[in-house]
Amino acid sequence: MPSSEDISQRRLDLSPAKRALLERLTRTDTNKKTATQEITRRASQAQVPATFAQQRLWFLEQLEPNGSAASVPAHMQLTGQLDSAVLTRCLHELSARHEVLRTTFAVVDGQPIQVVAPTVRLPIPFVDLSNTTESEREASVQRLMLEETQRPFH
């Protein structure tokens, strides 16, 4: 693979016409990417069929109600002071911007359809472990994470 130095040298070796063409093509590609990356809001709240991936998850839920097949457990550790009000506002803002975080499913004629709620204000549970020892805190965190990963995803 050529180094960035080799590529820079090759650009310098281009004729002015080829360099202008390369710059124009590069700008065009950038503009195309920007235009295709924009996602617009759905104008209609009409019934929208579930995607194939959503249908698979819905089918698994029918086979094993209240299962955790749709859960993809992940966690992150925050350090420092936590402003729970700011975190809550940020999570609510994310759900306001992304329909997928407000989507549930209904069944119409035996088939799942997407139902996008205009807003969702879910309670964000916080557990204060600041008054526990480090070992107690670690054990509590592990227990809480395990409980959360086994909770059915609705």
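Start by selecting residues 84–97, which make up helix H4, and pick out Ser 95 within that helix. The model is predicted. Ser 95 has a relative accessible area of 9% and is therefore buried, the cut-off being under 20%. To see what surrounds Ser 95, show the side chains of Leu 101, Arg 102 and Val 120; Ser 95 touches these three, leaving aside residues up to four places away in sequence.

Next, move to the sheet. Select residues 48–49 for strand E1 and residues 111–116 for strand E3, then add residues 103–108 for strand E2. These 3 strands form an open sheet with antiparallel pairing, in the order E1-E3-E2. E1 and E2 are at the edges with a single partner strand each, so one side of each has no neighbour in the sheet.

Now take the pairings in turn. E1 and E3 run antiparallel and are paired over 2 bridges. Select Val 48 and look across to Gln 114 in E3, which stands opposite. Keep Gln 114 selected and turn to E2: Phe 105 has Gln 114 as its bridge partner in E3.

Stay with E2 and E3, which are antiparallel and joined by 6 bridges. Select Thr 103; its bridge partner in E3 is Val 116.

Finish at the turn of this hairpin. E2 and E3 have 2 residues between them, and Asp 109 in the hairpin takes a positive phi near 55 degrees. Select Asp 109 and display its backbone to view this part of the hairpin.

Technical notes
Residues numbered from 1 in each chain as written. Predicted model: local features only at pLDDT ≥ 70, side-chain atom pairs only at ≥ 80, totals over all residues. Heavy atoms only, no water. Helix = DSSP H or I, 4+ residues; strand = E, 2+ residues; numbered from the N terminus. Buried < 20%, exposed > 50% of the residue type's maximum accessible area, 1.4 Å probe, protein only. Contact = heavy atoms within 4.5 Å. Pairing = 2+ DSSP bridges.
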